[in-house]
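Here is a friendly walk through a two-chain model, from the interface to the sheets and a helix pair. Have the structure open as you read.

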2 protein chains.
Amino acid sequence: MVLARKHLIKVAPYQAGRPIEEVKRQFALRNVIKLASNENPLGPSPKALVAIKKNLHLINRYPDANGFYLKRKLAQVFNVSLANIVLGNGSDELIDIIVKAFVEKDEGIITSEGTFLEYKIISQVHGRKVTTVPLRNFKYDLEAIKKKINPKTKVVFISNPNNPTGTYVTQYEIEEFLHDLPEDLLVVFDEAYDVFIDVDDFPKSLELVRNQKNIIILKTFSKSFGLAGLRIGYALAHPQLVRYMEIVRQPFNVNFLAQVAAEAALEDKEFLKKTRQVILEGKNYLYVALNKMGLAYVPSAANFILIDVARDGARVFRQMLKYGVIVRDMQQYGLKDFIRVSIGTKEENERFIRALKKVLQY
Amino acid sequence: MVLARKHLIKVAPYQAGRPIEEVKRQFALRNVIKLASNENPLGPSPKALVAIKKNLHLINRYPDANGFYLKRKLAQVFNVSLANIVLGNGSDELIDIIVKAFVEKDEGIITSEGTFLEYKIISQVHGRKVTTVPLRNFKYDLEAIKKKINPKTKVVFISNPNNPTGTYVTQYEIEEFLHDLPEDLLVVFDEAYDVFIDVDDFPKSLELVRNQKNIIILKTFSKSFGLAGLRIGYALAHPQLVRYMEIVRQPFNVNFLAQVAAEAALEDKEFLKKTRQVILEGKNYLYVALNKMGLAYVPSAANFILIDVARDGARVFRQMLKYGVIVRDMQQYGLKDFIRVSIGTKEENERFIRALKKVLQY
């Protein structure tokens, strides 16, 4: 029998948020809400839906391998060139492309504990060395990360704002961090939640890219424009870095409907505005409700909140399922007494609080 | 500046078929037909389109990471278990998953010259050794491939029917080939064009999978059901092989619309029948027309024909563009005097022949 590559046996695969249909099947429930995967609670961008319907008859054709129209639109929006952009089948695939393109077999990556798990999993799948540094007050500890950098370190992955804690590193902290880094070290800012930012000191990462630093920014249409199901993310970087990533990228990695939907969504400023408003209002509602319950949580710059339930979070997660509310248990992230809840619509947030009160016996 | 991994510099990226929109832009043409990427000329499966429209409002949710409903349907169709199936973002991604899962850094793959280029490109991207064996009468030379197998060979990729020649290896030839192979060697049959087969001696590869051999079959919805733009392929293999591939597969690799479209398409027997009919009729028409022109071609078991134009094929390809007909030049495949034409609708095939006559000055 064929054997897999030896190091793979040790990889713990990613556990996705439970799908609504699956929970309905398991508990024989008719009405289930999912606040587990930081999805857009308003649904997809209406302009994206119009574009999809208009192009549906063309899905027998392979997608444009160059993603010309979407990249042209992105280039306009960010005032960059097409040569600064790589499209991915979600940001997940771009992480894979980065590891493939830049990390040699005897080299490794550094990231934080308590962060998006795919940096670690994807690097492990490639058999690359992974170093993780503990969070400090639920935040990336850039000083400690910097101390761990050695000549074999090729990439530092920074989730900013950080999933699942909702904290962010500031412009000042990033400047300090980037100062005096090795010349051949790549820093990746995964800004999947950037549209929810409502602070002034968030890093201006695009300026760093413009200044030709060894920086890659990852962004996605999953949360902001409600296109998680279509899989479309992108990287912004110096053309030299893009060139390498393009060698590795498969030609038809981004499906055609994702390309047309994303292009149209970028015009949907109305939807983005409404999304931000719902998330900010929902966040305030949840803060107040959690305060009243005396539960600690981590203030969030994103569209989710990490809550300290002061008992086994996996158990709370399972009990919430019975009330038809899917949240995320944090065991995989090493945060055992926590759950993460995505901010939903007003009704979803209220239902979440009602279920949480029952489960915690308030 | 960050440098890419050294071996990447040598990789020649895949050149996709020219998109219709791009050719319209370049030559200021209004009516362009594409017979370059072996797409379904009838468009997408109507049942798939209905399923997409019905599920469109749900694309703000991440896809089911387990692909439960689609795998259940595939398991019914092929009379296998869910544990025999891996879903991919097109077969391209499954090739990547296979190389990642099974080929260690000092190991390599074997395939043919004049075959689908991604086996070679993807293996090269991973820095794996690639051995290619010349075609024999435009066909995979399994005897010569067998002779090249050594203890470091981990995977043999066989495109069957072969793209771009349209030839196939038979049940008998496969049995001969599989006899006495090393125990830890994996044989991958890429059957992207299987639905167009109209011969009796095509290998019963699924029986080989059932007999627990080291076999992986790749299939796709791109051609048969007209879903190339959505990106959905799948692998059928022994559960032990599937388990390894699942460690490597990213959870959200297959988008949600691809999953629902593919599930519905499997019910669309009417569309599949019509597709086969149009391809077989078109093939006969093209054979007759090419015979009349005195042009040699390779008889094809698939939905495309490799034509010997007896002069620089790349030049013929470029001249055909001016008439609004996109075919495929074969330089990348080492077949300089050839073009490959995908079989289209009746009107498309006739237009192709008219343009070819003008270009070749008949």
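## Where the chains meet

Between them, chain A and chain B bury about 6,900 Å², and 59% of that area lies on carbon and sulfur atoms. Please keep in mind that this is a predicted model. Each partner is well represented in the contact: 81 residues come from chain A and 81 residues from chain B. Which residues of chain A lose the most area to chain B? They are M1(A), V2(A) and Y62(A), which together make up 12% of what that side buries.

## The sheet in chain A

Next, turn to chain A, where seven strands form an open sheet with mixed pairing, in the order β2-β8-β7-β6-β5-β3-β4. Its edges are β2 (85–88) and β4 (129–133) of chain A, each of which pairs on one side only. On average, neighbouring strands of this sheet are turned by 20° against each other, direction ignored. Helix α7 (residues 171–178) of chain A packs on the sheet, where it touches β5 (153–159), β6 (186–190) and β7 (215–220) of chain A. The direction of α7 makes about 160° with that of β6(A).

## The sheet in chain B

Chain B offers an open sheet of four strands, ordered β9-β10-β13-β12, with antiparallel pairing. Here the edge strands are β9 (296–298) and β12 (328–329) of chain B, each pairing on one side only.

One strand pair from each of the two sheets is set out here, with a pair of facing residues.

| Strand pair | Sense | Bridges | Facing residues |
|---|---|---|---|
| β2(A) and β8(A) (residues 233–237) | antiparallel | four bridges | G88(A) opposite G233(A) |
| β9(B) and β10(B) (residues 304–308) | antiparallel | three bridges | V298(B) opposite L306(B) |

## A helix pair in chain B

How do helices α2 and α10 of chain B cross? The axes of α2 (residues 46–55) and α10 (residues 256–265) of chain B come within 7 Å and cross at roughly 140°. The two helices, α2(B) and α10(B), are therefore oblique to each other. The crossing in which α2(B) passes α10(B) is right-handed.

On the α2(B) side, the contact is made by K47(B), A48(B), A51(B), I52(B) and N55(B). They meet F256(B), L257(B), V260(B), A261(B), A264(B) and A265(B) in α10(B). By class, the residues of this contact divide into nine nonpolar, one polar and one charged.

Terms used:
Residues numbered from 1 in each chain as written. Chains lettered and ligands numbered in written order. Predicted model: local features only at pLDDT ≥ 70, side-chain atom pairs only at ≥ 80, totals over all residues. Heavy atoms only, no water. Axes fitted to C-alpha atoms, helices over the stretch in contact; angles between N-to-C directions. Parallel < 35°, antiparallel > 145°, perpendicular 65-115°, else oblique. Left-handed = near helix turned anticlockwise from the far one by under 90°. Contact = heavy atoms within 4.5 Å. Nonpolar A, V, L, I, M, F, W, Y, C, P; charged D, E, K, R; others polar. Pairing = 2+ DSSP bridges. Buried area = accessible area lost by both parts, 1.4 Å probe.
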